[in-house]
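This report is written for a reader who is new to the structure shown below. It begins with one pair of residues and then moves outward to strands, helices and the whole protein.

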Amino acid sequence: MPGPLLPGLPSGPPPGTSPVPPPSAPSGLPSGLSSGLSSGLSSGVPAGLLSGWGAGGLSGLSPGQPLHVAGPDGPWEQVHDQLAGQGHALVHTTWGQWLTAALLDPGLRSLLGRDWPRYRQTAAPAGRLRFAVSRMVLKHTAAAVLQVPADALDLAYRPGGRPHLRGLAEAEVSLAHTDELIVVGISRSGPIGVDAEPVTRRPSFELLHPYVCTPDEAAELAALGEDERALRLLHLWTLKEAYTKALGHGMRRRFSAVGFRRDEQGRTVLAGEPDGVARWILATHLVHGRYLVSSARRPPQEIESASRPAPHPLEEAGLPPAATLGWQLPGSSGAQPT
């Protein structure tokens, strides 16, 4: 029998680690929901909740841990090798580790390219530097795996805000950041999405579950204790945001329309997919002992055949996402957050 939707959950931050500062809530939520996601922050996670988070991630597929890169000088060999061997790579760092490079790089304008005006127009100095660093990390990651100079890459954005490398259709990228953490995903097997949240964030189940959970997910979470329920809801959030970012829809798509389940091998899969026919590889990792990092990506391309299963309803390309679901975020253009 398949297990529950999510496995046993993560002890608090490692000894000597300072508490994570309160993060800002994602933009684009319906009115009143931002406070529900960011309220109730604690300084740590109760002991025992993180015990099920093994080195291979939560999907059971062992797709490779996110690789830490402390600056523009790398090391990049592991990143290149991970993409060459698995078709994708995940990189994480902190914006402070790249801050000196951003401040001192005489070629920053050339490196940022079309993002330079947005960088210059960002009023807050900290926000401006975080923006520059996140784009530096993305471009240096892509440059390392594609074996090209970072400033030769042209980063652009599709409708909805999804970043892409112009002229390089064979490589898909995704970007996420929260607090000081920056995560970049790059894939050569198709779309990829990444998301990250601090494990200390305590989302309000009562406020958010109609927007985040399917009925089955909500029922399962409702039966849990408060601490475990909050952490599993946060896990669901990161998975669903990573998946919808991979689709290019981001938070324009109602998360409660996307369901996950555990298959017979204990892997997290889309609720509508039969066992053994997963069309998305989903994984979550614990980074620095205090961040959940989730990714969603396509597996390597398989030979098309008449027996290929029909597209999952959420992936059918017809009406735009908001029209398909009949849900438009109030006061939002539906842009995908990065």
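## Strand E6 and its partners

Val91 stands opposite Val184 in strand E6. The model in which this pair is found is predicted. Val91 belongs to strand E2, residues 88-94, which is joined to E6 by seven bridges, with the two strands running antiparallel. E6 also pairs with strand E5, residues 172-178, again in the antiparallel sense and over seven bridges. In that pairing, Ser174 stands opposite Gly185 in E6. E5 and E6 form a hairpin with two residues between the strands, and in this hairpin Asp179 takes a positive phi near 50°.

How many of the seven residues of E6 are buried? Seven of the seven, from 181 to 187, are buried, so the strand is largely enclosed by the rest of the structure. The cover extends to both faces of E6. On one side Leu181, Val183, Gly185 and Ser187 are buried, and on the other side Ile182, Val184 and Ile186 are buried as well.

Strand E2 also holds Thr94. Is Thr94 buried or exposed? The relative accessible area of Thr94 is 15%, and a residue counts as buried under 20%, so Thr94 is buried. Apart from neighbours within four places in sequence, Thr94 is in contact with Glu180 and His288.

## The sheet of E7, E11 and E10

His288, one of the contacts of Thr94, lies in the turn of another hairpin, formed by E10 and E11. That hairpin has three residues between its strands, and His288 has a positive phi of about 60°. E10 and E11 belong to an open sheet of three strands, in the order E7-E11-E10, with antiparallel pairing. The edge strands of this sheet are E7 (192-198) and E10 (281-287), each of which pairs on one side only. From one strand to the next, the twist averages 15°.

Arg297 in E11 has a residue opposite it in each of the other two strands: Ile192 and Ile281. E10 is mostly covered, with six of its seven residues buried. Helix H9, residues 226-247, lies across E7, E10 and E11 and runs at about 155° to E7.

The table lists antiparallel strand pairs, each with a pair of residues that stand opposite each other.

| Strand pair | Bridges | Opposite residues |
|---|---|---|
| E2 and E6 | seven bridges | Val91 and Val184 |
| E5 and E6 | seven bridges | Ser174 and Gly185 |
| E7 and E11 | seven bridges | Ile192 and Arg297 |
| E10 and E11 | seven bridges | Ile281 and Arg297 |

## Helix H6

Helix H6 covers residues 125-146. At 1.5 Å a residue, its 22 residues should span 32 Å, and its end C-alpha atoms are 31 Å apart, which agrees. H6 is mostly covered, since 17 of its 22 residues are buried. Just after H6, Gln147 takes a positive phi of about 60°.

## The protein as a whole

The protein has 10 helices and 11 strands. Of its 338 residues, 53% are buried. Its accessible surface comes to about 14300 Å², and 54% of that surface belongs to carbon and sulfur atoms.

Conventions: Residues are numbered from 1 along each chain as its sequence is written. This is a predicted model: local features need pLDDT of at least 70, side-chain atom pairs count only at pLDDT 80 or more; totals for chains, interfaces and linings use all residues. Side-chain values use heavy atoms; hydrogens and water are left out. Buried means under 20% relative accessible area, exposed over 50%, partly exposed in between (1.4 Å probe, protein chains only). Helices (H or I, at least four residues) and strands (E, at least two) are DSSP runs, numbered from the N terminus. Two strands pair if DSSP finds at least two bridges between them. Contact means heavy atoms within 4.5 Å. Axes are lines fitted to C-alpha atoms, for helices over the stretch in contact, and angles run from 0 to 180 degrees between N-to-C directions. Accessible areas come from the Shrake-Rupley method with a 1.4 Å probe; for residues, only the protein chains shown count as cover. The expected span of a helix is 1.5 Å times one less than its number of residues.
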